[in-house]
Amino acid sequence: MAPTGRHRTLSEPALSPHDQALRAAAPHLGRRRFLTVTAAAAALAFSTNLPARGASAAPELDAARLVDDPFTLGVASGDPLPDSVVLWTRLAPVPYEADGGLGTQRVAVHWEVSTDQWFAFVVRQGVAYAHPEYGHSVHVDVGGLMPGNRYYYRFRAGAWISPMGRTRTAPAADGFTPSLKVAAVACQAYHDGYYTAHRHLAQEDVDLVLHLGDYLYEYPVDQAGGARRYTDVTLPDVFNRETVTLTDYRMRYALYKSDPDLRAAHAAHPFVVTWDDHETENNYAGAIDERGGPTGPFLARRAAAYRAYWENQPLRAAQLPKGPDAQLYRRLRWGDLAQFDILDTRQYRSDQAYGDRPHPAGPETDDPARTLTGDAQERWLLDGWRSSKALWHVMPQQVCFSQRKFEQGAGARLSMDAWDGYRASRARVVAGAKAAGLANWMVLTGDVHVGYAFDIKEDFDDPGSATLGTELTCTSIASGGNGAERPSNWDAFMAANPHMKFYDGRRGYVLVEFDRRSARADFRIVSTITKPGAPVTTAASFVTEVGSPGFQRV
């Protein structure tokens, strides 16, 4: 299944005004000097380039003149509240061109929300503008909806009507809620294979999809789509380089969202998204890039990446970046059943310990001054737990929370990019969970391209210590290629980590169904992604009971 949409081979795209401004400002930001969120945003305030005042002066394209389908990148919804949900689309009649084929003109887009898929009972409708300053994306925060309801939505531009999307609202705040079913997904490197898992996810009966990061990768994609090995389409050369500028990131989202399986998953379910590293650059830490280069140019790149991320996701205005800063961490509730505390473990973290190489625990990993979340986000998380009345507390985030030794023995190495590299930071979070009396705590994790089921222990080095919660890693949609049921390090990992109850290296996602008695997790896997069409099966299922944390295989 090759991407849809017309395209032609492109030369290097011209820099947008945003990218030109970023390049001009970058040298004025010093190497690795400390920048607060406020200072960084002020230094790069121009990078927002938003149409708050000037958009009305931008020329408007008569939508009736649209010759080609502008909805090539699909539709999406996200972050449902009891009375509202965000609807998204992005107009791109020529998706592999830098401006999507729309130039610098704004376009009127009609939207409507109905209680039925035939749109006989439209309950909300309106007009939004797709502005060039936002990459011709549209975000509509539709209010006035009923709690706990299923809705259908679509957009119209001129004579073109978008695919229909299906979404829902959250139950009434603190209202009795018997059950909830979510899917957790992550890591969808386009060049590593097909999004077969997304095609199956679109057919699942879930209330929410939690995307835990690495929605796109900054790495080059060759003309054959990497491991997809296209024979019926040739991708433009513009994708065969690393993303750096806003134009680069916008076009890479267009490539990813041209995939029909990803579009189907978005149309079928509301998404709650958070980023990891590859949406910007591999293993960056706060204002420090992977190679420890100058801070200024990297913050310019981060501003471009964050801007493109918001433009291409169903997020509210509260998540709109200000220069290189954006508050992506946020809280959603599902009646009285569940509270979701969605974290950002990239933007505020200290630099990785020991040069970001696998290393045993030591003074750097245990330094209380180092943080994975930043002080403000940590306080927000712990305060939110203390005030919560929810039965389940779900923490969607990016990197392995539980200890994960690479081998047995006192000098066992750990990942310095995961919570193992920030052990004092993790200890504060664990202490906060205990102090808040969280009886039913589940961490949902992406990043590692494998499926794990962990018991979160009070002392990971003591298997007999109390179990405080559970953690699931959702494997990857595509990153890492086909994978294997038992990777080469399977025996070593299982022996070194008694709290690791499951390890599978194949592609897929995890389903979790919460109710008043337990939570059940199903690891859904596909056998191959280098060829499309593989079936989905359940590799393993686990249950953790309310009030008695710890996974039991079923």
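How many helices and strands does the secondary structure of the chain come to? In this predicted model, the secondary structure comprises 9 helices and 23 strands. The legends below begin with the whole chain and then turn to single sites.

**Figure 1. Overview of the predicted chain, with its confidence values.** The chain has 554 residues, and 62% of them count as buried. Among contacts between residues at least 6 apart in sequence, 71% join residues at least 24 apart. The mean pLDDT of the chain is 92, and 90% of the residues reach 70 or more. Over residues 1-13, however, the pLDDT is below 50, and this stretch has 45 contacts in the model beyond near neighbours in sequence. Residues 27-50 also have a pLDDT below 50, with 52 contacts beyond near neighbours in sequence. Where pLDDT is low, the predicted coordinates should not be read in detail.

**Figure 2. Helix α5, residues 260-268, and its surroundings.** Helix α5 is mostly covered, and 9 of its 9 residues are buried. The buried residues are P260, D261, L262, R263, A264, A265, H266, A267 and A268. Which elements cover them? The covering elements include the strands β2 (75-78), β7 (150-157), β9 (165-168) and β12 (271-273). The helices α3 (196-201) and α4 (246-257) are also among the covering elements. At the N-terminal end of α5, D259 acts as a cap. A side-chain oxygen of D259 lies 2.9 Å from the backbone nitrogen of D261.

**Figure 3. Strand β4 around V113.** V113 lies in strand β4, which spans residues 106-114. Is V113 buried or exposed? V113 counts as buried, because its relative accessible area is 2%, and the cut-off for burial is under 20%. Leaving out residues up to four places away in sequence, V113 touches L87, F121, V122, V123, R124, V142, L145, Y151, Y152 and Y153. F155 stands 42 residues from V113 along the chain, and the C-alpha atoms of the two residues are separated by 9.2 Å.

**Figure 4. G148 in the loop between β6 and β7.** Strand β6 covers residues 137-142, and G148 is found in the loop between this strand and β7. G148 counts as partly exposed because its relative accessibility is 33%. Which residues does G148 touch, not counting those up to four places away in sequence? They are R168, T169, A170 and P171. The C-alpha atoms of G148 and T177 are 9.4 Å apart, although the two residues are separated by 29 residues along the chain.

**Figure 5. H278 and its polar contact with E218.** H278 is found in the loop between β12 and α6, the latter comprising residues 295-311. With a relative accessible area of 8%, H278 is buried. Leaving aside neighbours within four places in sequence, H278 is in contact with D214, L216, Y217, E218 and Y219. With E218, the side chain of H278 forms a polar contact of 2.8 Å. A189 is 89 residues from H278 along the chain, and the C-alpha atoms of these two residues are separated by 9.3 Å.

**Figure 6. Two loop residues with positive phi, D79 and D356.** D79 is not a glycine, yet its phi is positive, at about 45 degrees. The place of D79 is in the loop between β2 and β3, a strand of residues 85-90. D79 counts as buried because its relative accessibility is 2%. D356, likewise a residue other than glycine, has a positive phi near 60 degrees. The loop that holds D356 runs between β14 (338-342) and α7 (375-387). Is D356 buried or partly exposed? D356 is partly exposed, with a relative accessible area of 26%.

**Figure 7. The largest cavity and its lining.** How many cavities of 30 Å³ or more are counted? The count comes to 3. In the largest cavity there is about 40 Å³ of space. The lining consists of V238, F239, R241, E242, T247, D248, M251 and R252. By class, this lining has 3 nonpolar, 1 polar and 4 charged residues.

Notes:
Residues are numbered from 1 along each chain as its sequence is written. This is a predicted model: local features need pLDDT of at least 70, side-chain atom pairs count only at pLDDT 80 or more; totals for chains, interfaces and linings use all residues. Side-chain values use heavy atoms; hydrogens and water are left out. pLDDT is the predictor's confidence in each residue, from 0 to 100. Contact means heavy atoms within 4.5 Å. Buried means under 20% relative accessible area, exposed over 50%, partly exposed in between (1.4 Å probe, protein chains only). Helices (H or I, at least four residues) and strands (E, at least two) are DSSP runs, numbered from the N terminus. A polar contact is a pair of N or O atoms within 3.5 Å; within protein, one must be able to donate a hydrogen and the other to accept it, and residues adjacent in sequence count only if both atoms are side-chain atoms. On a 1 Å grid over the protein atoms alone, a cavity is a set of points where a 1.4 Å probe fits but cannot get out, and a pocket is an open set with protein on both sides within 12 Å along at least five of seven lines; lining residues have an atom within 4 Å of a point. Grid points are joined across faces, edges and corners, and a volume is the space filled by probe spheres set on the points. Ala, Val, Leu, Ile, Met, Phe, Trp, Tyr, Cys and Pro count as nonpolar, Asp, Glu, Lys and Arg as charged, and the others, Gly among them, as polar.
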